[in-house]
Amino acid sequence: MIEAGSRMRSQAPPPAVVFEALTEPDRDPARPWLQLLDDEQRPQILLRERPNLVVWSSLWSKRPDAQVRFDLASDGHQGTLLRWTLLLAEPLPDPSLLGHLRRRLNELINANLRYTFGQ
């Protein structure tokens, strides 16, 4: 698997809370954040190491080989530094599709998820 994209941003709650949101995205129906597009599918949890690591299966039927790795660490205060990493098998998709996959992860994690925590 090749790292095809990665981004780190802070999240307001501690790692244990972010871990739960990533492993149980429908846990709080008042705060939905994993809103999938028509070409996306709900990921399966491939690996979880509480509270520092979560690996999802692919969100995209076009790239069933894809995995999304989440590394969670304390930000030194009460929040979390969350890094998502998109992993793909070769060959990498064309630049247009690759850009779409990266944008969607950034939207889901660094917008939708963050907003549910009031950021």
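**View 1. The order of helices and strands along the chain.** Start at the N terminus and follow the chain: the elements run β-α-β-β-β-β-α. That gives 2 helices and 5 strands. Keep in mind that this is a predicted model.

**View 2. The whole chain, seen as one globule.** Measured out along the principal axes, the C-alpha atoms fill a box of roughly 40 × 30 × 25 Å. A compact globule with 119 residues would have a radius of gyration near 14 Å, and the chain's value of 14 Å agrees with that. Of the 119 residues, 44% are buried. Now look at who touches whom: take the contacts with a separation of 6 or more, and 56% of them join residues 24 or more positions apart. As for the outside, the accessible surface comes to about 6,400 Å², and carbon and sulfur atoms account for 49% of it.

**View 3. The largest nonpolar core.** This core has 27 residues, and those with the most contacts inside it are Leu22, Trp33, Trp56, Phe70, Leu82, Leu86 and Ile109. Two or more residues each come from helix H1 (15-23), strand S3 (53-56), strand S4 (67-74), strand S5 (80-88) and helix H2 (95-116). Which element gives the largest share of this core? That's H2, with 7 residues.

**View 4. Zooming in on Leu22.** Here is one of the core residues with the most contacts. Skip its neighbours within four places in sequence, and Leu22 still has plenty to show: it is in contact with Trp33, Ile45, Val54, Trp56, Phe70, Leu72, Leu82, Ile109 and Leu113.

**View 5. Asn110, a residue of helix H2.** Asn110 sits in H2. Is Asn110 buried or exposed? Its relative accessible area is 5%, so it counts as buried, the cut-off being under 20%. Its side chain makes a polar contact with the side chain of Asn106, at 2.6 Å. If you leave out residues up to four places away in sequence, Asn110 touches Arg7, Arg9, Gln11, Trp84 and Leu105.

**View 6. Arg63, a residue in a loop.** You'll find Arg63 in the loop between S3 and S4. With a relative accessible area of 10%, Arg63 is buried too. What lies 3.0 Å from a polar atom of the Arg63 side chain? The backbone oxygen of Pro91 does. Pro91 also turns up among the residues that Arg63 touches, once residues up to four places away in sequence are set aside. The others on that list are Ser58, Leu88, Ala89, Leu92, Pro93, Leu97 and Leu101.

Conventions
Residues numbered from 1 in each chain as written. Predicted model: local features only at pLDDT ≥ 70, side-chain atom pairs only at ≥ 80, totals over all residues. Heavy atoms only, no water. Core = buried A, V, L, I, M, F, W, Y, C linked by side-chain atoms within 4.5 Å. Buried < 20%, exposed > 50% of the residue type's maximum accessible area, 1.4 Å probe, protein only. Helix = DSSP H or I, 4+ residues; strand = E, 2+ residues; numbered from the N terminus. Contact = heavy atoms within 4.5 Å. Polar contact = N/O pair within 3.5 Å; in protein donor to acceptor, adjacent residues only side chain to side chain. Rg over C-alpha atoms; globule rule 2.2 N^0.38 Å. Areas by Shrake-Rupley, 256 points an atom, 1.4 Å probe, with all protein chains shown as cover.
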